[in-house]
Amino acid sequence: MLHIGQEEIDAVSRVIKSGYLFRYGDRKAGHPNECARFEEELARKTGTQYALAVTSGTAAIICGLVGLGVGPGDEVILPGYTFMASALAPLAVGAIPVIAEIDESLTLDPKDAEAKITPRTRVIMPVHMCGLPCNMEAIMRVARRHNRLARAARPGAEVKVLEDACQADGGSYKGKRLGSIGELGAFSFNYYKNITSGEGGAIVTSDQVVHERALIHHDGGAIFRPHAKDIGVPFFAGWNFRLNEILGAVLRVQLKRVDGLLARTRARKKKMVAALEGMGLRSIRYHDLEGDCGTTVGLLFSSEREARAFIAALAKQGVGASTPIDSGRHVYSNWEPVMQRRGSYHPALDAFRRPENRGSQVKYTQDMCPRTLDILSRAVLLGVSPREKPADLRRRLQACRRAADEVG
């Protein structure tokens, strides 16, 4: 969590005093409509036509996949370094997750993603992990190249790009906000994110049909809402991922604050990257340091032994660092429900057992993405805080210099 304070307290108080906590209210009746206003503000911030607030990042990805029409018989390509929810979401809509390699940016390798495209592929899901923008230029090029061929051979078999920006709220890539580059973007607002309401999420898109499908899916009562008359997609049985007005109010404050916070983390990160590279340490690949959220500095060593020695040397000086291979839930080989092909509590709802997916050739093994495991084991991550004092940053960098000398 980057910051929460009196403004959020005042926003929550405003909603409580209104006596109206449900997200669908009547502005004419004086209901606050915090969620609706947050969606308008998020759409403007990301440069998209539509935004939809939901209960979590997982819910955002699920609703996004529904919006894109993904279901049984389809495959979704995603990286082997992300929170397991990125893989659980396709299973929730009956599709099969396909796990691809990362590259030295710690994000999806566009070449391996392209190699894993099959006639069943409906979505490529790049994940802007740790606030690090993916190589969206290359990923969009892969999708366009495939779609030119698909339109000629199999109309309707186009691949869409869903950006999982759940760890990169507020970030950009070459001047465009993350989440706005593909057909759809998904965000998370849980406790650990740049924008937080404890839990929460959102999707953004400029495709009206995608938005309407997601809107229906996120609210099983959508047909009874005032906006029902404006929806062109036939109503279907949705779920309930509706956000409430208290969280919407908090998110409005957080959204206004995020750019200032990220400006500070970016400035600190640039200083750290320059200093660390000046010590002879090697950075991970950064696709866009200007748009990067700035919350994570990554180093890459020649071996896991060196990476762990560097972390140990920092620990002796009271400085924290980690290697992503130890993050557990973010490494594909630890996603037990996926690796064991248990897609649901009930066999009839299990994507792995659905007849439409029998032709899928996807296999899961612990070593299926060797490059991902190698890179994660050699990488070291250092956190960046917008509240860190200059003297504390200098002390951390001095500790890094001593650790580099010790390892080198």
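Helix H2 is the biggest contributor to the lining of the largest cavity, giving 3 residues. The model is a predicted one, and everything described here is computed from it. How many cavities of 30 Å³ or more are there? The count comes to 1, and about 80 Å³ of space lies in the largest cavity. It is lined by 13 residues, and those closest to its centre are Leu42, Thr46, Asp169, Gly170 and Phe187. Besides H2, helix H8 (245–278) gives two or more residues to this lining. By character, the lining of the largest cavity splits into 7 nonpolar, 3 polar and 3 charged residues. If you are wondering about the approach behind such a search, rolling a probe the size of a water molecule over the atoms shows where empty space is left.

From the cavity we can move on to the pockets, beginning with one that also involves H2. The second largest pocket has a volume of about 500 Å³. Of its 20 lining residues, Arg23, Glu39, His211, Leu215 and His227 are the closest to its centre. Helix H2 (34–46) supplies at least two residues of this lining, and so do strand E1 (50–54) and helix H7 (208–218). In the lining of the second largest pocket, 9 residues are nonpolar, 6 are polar and 5 are charged.

Now for the largest pocket, which holds about 1,000 Å³ of space. Its lining is made of 40 residues, and Gln167, Tyr192, Lys193, Arg329 and His330 lie nearest its centre. Sorted by type, the lining of the largest pocket has 16 nonpolar, 18 polar and 6 charged residues. Which elements each supply at least two residues of this lining? They are helix H3 (57–67), helix H4 (85–92) and strand E11 (379–383).

Helix H3 deserves a visit of its own. Because 10 of its 11 residues are buried, H3 is largely enclosed by the rest of the structure. The buried residues of H3 are Gly57, Ala59, Ala60, Ile61, Ile62, Cys63, Gly64, Leu65, Val66 and Gly67. At its N-terminal end, H3 is capped by Ser56, with a side-chain oxygen 3.4 Å from the backbone nitrogen of Thr58. After the helix comes Gly69, whose phi is positive, near 80°.

Strand E1, which we met at the second largest pocket, leads into a set of paired strands. E1 is mostly covered, with 4 of its 5 residues buried. Its partner is strand E9 (residues 201–205), and the two pair in the antiparallel sense over 5 bridges. Along this pairing, Tyr50 has Thr205 of E9 as its bridge partner, while Leu52 stands opposite Ile203 in E9. E9 also pairs with strand E8 (residues 184–188): the two run antiparallel and are joined by 5 bridges. Here Ser188 has Gly201 of E9 as its bridge partner.

With E1 and E8 both paired to E9, it is worth asking how E9 is covered. Of its 5 residues, 5 are buried. In a regular strand the side chains alternate between the two faces of the sheet. For E9, Gly201, Ile203 and Thr205 belong to one side and Ala202 and Val204 to the other, and both faces are covered.

Let us finish with the cysteines. How many disulfides does the structure hold? The number is 0. Cys130 is in no disulfide, and the nearest cysteine sulfur to its own, that of Cys293, is 10 Å away. A disulfide requires two cysteine sulfur atoms within 2.5 Å. Why does Cys400 have no bond to Cys130? The closest cysteine sulfur to that of Cys400 is the one in Cys130, and at 17 Å it is too far for a bond. Are these two cysteines buried or exposed? Cys130 has 11% relative accessibility, so it counts as buried. Cys400 has 2% relative accessibility, so it too counts as buried. The cut-off behind both statements is that buried means under 20% relative accessible area.

Note on methods: Residues numbered from 1 in each chain as written. Predicted model: local features only at pLDDT ≥ 70, side-chain atom pairs only at ≥ 80, totals over all residues. Heavy atoms only, no water. 1 Å grid on protein atoms, 1.4 Å probe; cavity = no way out; pocket = protein on both sides within 12 Å on 5 of 7 lines; lining within 4 Å. Points joined across faces, edges and corners; volume = space filled by probe spheres on them. Nonpolar A, V, L, I, M, F, W, Y, C, P; charged D, E, K, R; others polar. Buried < 20%, exposed > 50% of the residue type's maximum accessible area, 1.4 Å probe, protein only. Polar contact = N/O pair within 3.5 Å; in protein donor to acceptor, adjacent residues only side chain to side chain. Pairing = 2+ DSSP bridges.
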